[in-house]
Amino acid sequence: MNFFDAWCVLKKINTIPMSKRIVIAGISSLMISLNAFAADPDISKLPPAAKQTGMTYDKDIKPLFEKSCLKCHGPEKPKSKYRVDSREAAIKGGSSDEAAVIPGKSEKSPLVLYVADLVEEMEMPPKDKRDQYPPLKPEQIGLIRAWIDQGAK
Ligand code: HEC
């Protein structure tokens, strides 16, 4: 943008009434803060995927969910309509309408980001309920990652 263009833009802004300018400023700052809210989680903080191979939901993953998730995400009134008691449901997700597990991509799977506390307000189990529901250990998150990366069978 050269000096003349910049001058024209400034002149245009001056023709917008003050009340509208305030609204525009408000909308812009709202969009900036919404952007910050949706900031990409820092996946460098994820525990590494375990080396274990041949993993399946029934054998390796379901038992991990039992203590920490099943009370809230089981058959009875599941929170956010999300259930972890079957492979299909655990992958599908709940009322967010977003898949909880993206087979092959553990670092993009919301479930992994939530259990690793990388998404504010979506830490799972919820931070204020951890006296009853223990959070998963880094090694357990590593096992879930390995399962997802191997295709979430
Ligand atoms: C004390 C109850 C509780 C426990 C325990 C719990 N959650 Fe949640 N979970 C919630 C609530 C409440 C929401 C909805 C949060 C929101 O949308 O603000 C939720 C939402 C979710 C979602 C988003 C579902 C969707 O698509 O809407 C996922 C994924 C999830 N939980 C995974 C887990 C996992 C995995 C565990 C176990 C490690 C777990 N949760 C343990 C209460 C719980």
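**A helical protein and its ligand shell**

Among contacts in the protein between residues at least 6 apart in sequence, 57% join residues at least 24 apart. The model is a predicted one. Its secondary structure comes to 6 helices and 0 strands, so that from the N terminus on the elements run α-α-α-α-α-α, with helices and strands taken as DSSP runs. Of the 153 residues of the protein, 19% count as buried.

Helix H6 is a useful place to begin. H6 covers residues 138-149, which makes 12 residues. At 1.5 Å a residue, H6 should span 16 Å, and because its end C-alpha atoms are 16 Å apart, the expected and computed values agree. Just after H6, Gly151 takes a positive phi of about 105°.

Which residues of H6 are buried? They are Ile141, Gly142, Ile144, Arg145, Ala146, Trp147 and Ile148. The list includes Arg145 and Gly142 as well as residues such as Ile141 and Trp147. The buried residues of H6 pack against two helices, H3 (57-68) and H5 (110-115). Trp147 can be followed individually: leaving aside residues up to four places away in sequence, Trp147 touches Met55, Asp60, Ile61 and Ala152.

The next step is the nonpolar core. In soluble globular proteins, nonpolar side chains tend to be buried together. Here the largest nonpolar core has 21 residues, and those with the most contacts inside it are Val101, Val112, Val115, Ile141, Ile144, Trp147 and Ile148. H3, H5 and H6 are the elements that give two or more residues to this core. The largest share, 5 residues, comes from H6. Ile141, Ile144, Trp147 and Ile148 are also among the buried residues of H6, and H6 packs through its buried residues against H3 and H5.

The ligand remains. Which residues come nearest to the ligand? Of the 26 residues around it, they are Cys69, Cys72, Gly94, Ser96 and Met124. H3 and H5 each supply at least two residues of the shell around the ligand, and the largest share of that shell, 4 residues, comes from H5. By residue type, the shell divides into 15 nonpolar, 7 polar and 4 charged residues.

Taken together, H3 and H5 appear in two settings. Both give two or more residues to the largest nonpolar core, and each supplies at least two residues of the shell around the ligand.

How values were computed: Residues numbered from 1 in each chain as written. Predicted model: local features only at pLDDT ≥ 70, side-chain atom pairs only at ≥ 80, totals over all residues. Expected span 1.5 Å × (residues − 1). Buried ≥ 20, exposed ≤ 12 C-beta atoms within 10 Å, placed from the backbone. Contact = placed C-beta atoms within 7 Å. Core = buried A, V, L, I, M, F, W, Y, C linked by C-beta atoms within 7 Å. Near = placed C-beta within 6 Å. Nonpolar A, V, L, I, M, F, W, Y, C, P; charged D, E, K, R; others polar.
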